[in-house]
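Please look through the sequence and the model below before reading on. The paragraphs that follow begin with the whole chain and then turn to one part of it.

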Amino acid sequence: MAVKLRMKLSRQFTVFGSAIFCVVVFSLYLMLDHLQLDHSKNPSNNVGKLQNGQLSILQEKIDHLERLLAENNEIISNIRDSIINLSKSVKDGRGGLEAGNQSRATMPGAVLTPPLVLPVQPEDCQFAARSYSKSAEGVQMLEVYDLLAFDNPDGGVWKQGFDITYEGHEWDQEPLQVFVVPHSHNDPGWLKTFDDYYRDQTQHILNNMVVKLHEDVRRKMLWSEISYFSKWWENIDVQKRDAVRSLIERGQLEIATGGWVMPDEANAHYFGIIDQLLEGHQWLEKNLGVKPRSGWAVDPFGHSPTMAYLLKRAGLSNMLIQRVHYSVKKHFAAQKTLEFFWRQNWDPDSSTDILCHMMPFYSYDIPHTCGPDPKICCQFDFKRLPGGRISCPWRVPPQAITDDNVQERALMLLDQYRKKSQLFRTKVVLAPLGDDFRYTEASEWDQQFQNYQKLFDYMNSHPELHVQARFGTISDFFAALRVTADVDPLTSSSPLLPVVSGDFFTYADRDDHYWSGYFTSRPFYKRLDRLLESYLRAAEILYSFALSSLKKHDRLNDFPSVENYKLLTEARRNMGLFQHHDAIAGTGKDWVVIDYGTRLFHSILNLKHIMVNSAHWLVLKNKGEYSHQPSVPFLQMDDIQPAQDALPRKTVLKLSDISRVLVVYNPTEQERLTVVTVYVNTPQVRVQTAAGHAVTAQVSAVWEEPTQASSEAYQLSFVAHTSPLGLSLYHLSEAPEVRTAPASYTFYQQGGDMSVAGTGQFRVNVLPGDSTTFTIENSFLKIWCSSMSGLMERLQSKEGGVKQEVRLAFVWYGTTSNRDKSGAYLFLPDGEAKEYSPKRPPVIRVTRGAIFSEVTTVFEHVTHSLRLNNIQGVEGQSVEISNTVDIRGEFNREIAMRITSDLNSSDRFFTDLNGYQIQPRRMMAKLPLQANFYPMTTTSYIQDEHLRLTLLTAQSLGVASLKNGQLEVIMDRRLMQDDNRGLGQGVQDNKITANTFRLLLERRSSSDAREQVRPSSFPSLLSHISSMFLNHPVIPMAVGLSYGHLHTAPYRPLRSSLPCDIHLVNLRTIQAGEGPGPSEEAALILHRRGFDCTFASRNTGLLCATTWGKVRRAFLPQIIWEKINVIDSRGRVPRIQEHTWA
């Protein structure tokens, strides 16, 4: 039977291969015949008289023909190899490949062809397709924004509100409950570095806390930043630690939120938010046995429902927010909706509800927390007593409480509490008592606690006042609120409290002062953060795999597992620290930014060491040959970042006639075809798979200047087939190879002579730039660019066949001439953007090759590239856009990339929140321009009935759609002054910054009229995977020259890709109960993505399917199941069935 099958397959291969060969020969004949006909029609035009343009066209056709020949050769070779491998598998009795998840563990050398139609289960579309229904008491923020006038009339003592009155008998039946919550907000870096703040202030706050809380059991304190708490914990003795534990047990000290920091909610990716939350919670569990119950976010500059969802899933029941647009606060106060259940836009029931308290007034400091009149409330900030370092700006100082004035002062304060209570639906009032770095000195503890206790004693001893006032924690307050509001403990619903859905961006604290500048401020470090997140996730996964494999082979003692885990922990904490709302936001002092950058930089270096060490073990074929030599690493990364404020640069791999192994690590859970690019020292390169099969490659120039190519380095690009989470191997050697072809170059010049140097290995044309356009294309897309600017003008998806106007341009924003100007936080432009007009014409360089085609335009302030990858996978479906921005010489300017299309978007656009979910937006003409900018962490898109245009980003930036069919992104900002929000400086530490995007044009198969009112939207599966590939590129590592004698083998930990809609967020090894090393457990975090099914499912390039949200256990490696306890979102350990993930 096996012999007959082989003979049949052999005949089929012969026939199929012959057919392909005939097609190739016939295509060649037609093309040559076409050229000959063109020549015969114009006999006077011989070859020697062809113009530059005609020569260019001829050379492009020849290049295209060569590419076709190379591709067909590769197809034939791959088919041959597939038949041989399949024949061997039949001969060996192995049968076919395991089915499941559509993606197979493709055999080495086999041709990998994405399915023509993406198999999506109808059940998987129901999540995004279900109809929207708002609850009767529901509040949808999109409707609130439509409703509000966003004016700012003078509200009296509460400037941004209204006059509040009350009847004196309102509390006769039910007394007012007042919870005064002492707190100290400790920024882990802002005006000082993290370490300087700790040395000068934070350690003293915490030391005093232990002493002062023990003096009186009625005293309470709230703390949230575990980064500081853990540092302090390491420096205190056992006796003090026991004292802290007793304070927590007695309920005097509460740890709120429990994250490493209080994260920014606009720029932070959900990976970073989760990771810093995990780091904080694991530290608390290990050292204090504490699990936080309530969230506390008084300082992030706007609030995201993603944070609410993650806190809910982390086991918290309550949360508090503060920085919300003053008009929204006023509206919520008037409607008495400041306390609500925050529900996700996409949740049809109450499963995501979390009880939320929105602080009603301007700030979280004491003058703005006891009630509506800051002049009075400031008199109850006893740190401002006469003789102190700070005073009340209203020039009425506090008075120490004595027997003589306690009645008058208590009634004055009670009046504020009562007025504040009128803004809520219950008789439970929260009054935070603190500010930034409060309670540093022991004297402040005495001033605040002693004076307030006298006021409480007076109020509570007079029943006619109908009030019970006390110190409390935030959870004390929420516990009382839940009882008073009759919150059902099972359903988390209340007949008194409304449900709110939506987000709270963009924040404004007064007038037209919108905090949309920080969406982009310090973009260099926003990009560095995303790089660190990608490296951290990649290192976590590889380290977890290596650790399990080492244990299986009983070689743990030979591997630096503890040393690497320390580096991993440090990287987690440095990344967590940067999620702080003054770090990733770009709103710290210059030297603080340098401190953050140095931490990120060192952690990236350390994570590379961890990946190199882990991959060393995993790819080594003979484990007995393993030896850890830190001075001579087995693998080397293909790039080096020379400093914290510099862009990475590629290292040049030295090749010879002896094959050198290149390890390609795919950190995603999807099998992928991807372009790998490395620098090599020779243009004569042969690329082979681990099985010895030649691979088509492209050699391109390395450009030292716009028209000067290097003579010592060359860019080698090839398409790698990488297994999910696996390590693939490719062999590089210096040798002539028919499948390795040089790229060709076309330059467009505008006036004057252009000299192109160092291109002896390549064909180069120089053409005049005029009003015409030129094109680049691949199997999926075609781009028309201006020969004068090099910028895109039209885009065509070949699946639909229709050309779309998609124009790309750069624009400048200035800053207003008013007293208040743009700064690190605020965006206050001087009107609409002005067209970017460089002083001298750009250099336009067009690259065409077998692997990619690219247009690079070098302007004065931006080096802009458009790339199309010639690849039959996801990465061939989008336009890759790279901008290297340098505005270091500018004065009060911000540069933006604007994309203008002919889509009829109806002033509606969509932005992501933290890379987790999509929030619909509307351009609101009633608001100033700066109010229409929103944070974009990973995605923004516009759409009409037929098309969606999606911009994917590899760094957080501010985005807007100011006109129909437009998207624009602020890429960098240089501002010479402070914007009066406490920083005390402008933003002048600009770096040369790389911004990377992908532009995706998708045809919609259907649209729904109801989507105009639906408060949720979803990316397509192709968009999800494209974004993941953009943010998690493959990582090449070359085997060191001294290790060429060791044998290596590919590492394939998964038997299949995970389903398309399942993302492996992390595989995180847990710290041991004792000591700094790893335990034998790991946390596997999976995210099932919601996706829009109304897109064409043909030719998506995806190599996966959807499976009802289930992951087959058979396709995950045994080492995962050996290490992991599976816990669902409710904290229970479910049953694991044979073929499902419960």
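The protein has 19 helices and 47 strands, and it is worth keeping in mind from the start that the model in front of you is predicted. Of its 1142 residues, 61% count as buried, where buried means that under 20% of the relative accessible area remains. The accessible surface of the protein comes to about 43400 Å², and carbon and sulfur atoms account for 51% of that surface. When contacts with a separation of 6 or more are considered, 75% of them join residues that lie 24 or more positions apart in the protein.

With this overview in place, we can turn to one sheet. It is an open sheet of six strands with mixed pairing, and the strands follow the order β1-β11-β7-β8-β6-β5. Strands β1 (138-140) and β5 (294-297) stand at the edges, and because each of them has a single partner strand, one side of each is left without a neighbour in the sheet. On average, and with direction ignored, neighbouring strands of this sheet are turned by 30° against each other.

At the edge formed by β1, this strand pairs with β11 (residues 499-501) in the parallel sense, over three bridges. Within that pair, Gly-138 stands opposite Val-499 in β11. Helix α9 (residues 305-313) packs on the sheet, where it touches β5, β6 (318-321), β7 (339-343) and β8 (354-358). The direction of helix α9 makes about 135° with that of β8.

Terms used. Residues are numbered from 1 along each chain as its sequence is written. This is a predicted model: local features need pLDDT of at least 70, side-chain atom pairs count only at pLDDT 80 or more; totals for chains, interfaces and linings use all residues. Side-chain values use heavy atoms; hydrogens and water are left out. Two strands pair if DSSP finds at least two bridges between them. Helices (H or I, at least four residues) and strands (E, at least two) are DSSP runs, numbered from the N terminus. Axes are lines fitted to C-alpha atoms, for helices over the stretch in contact, and angles run from 0 to 180 degrees between N-to-C directions. Contact means heavy atoms within 4.5 Å. Buried means under 20% relative accessible area, exposed over 50%, partly exposed in between (1.4 Å probe, protein chains only). Accessible areas come from the Shrake-Rupley method with a 1.4 Å probe; for residues, only the protein chains shown count as cover.
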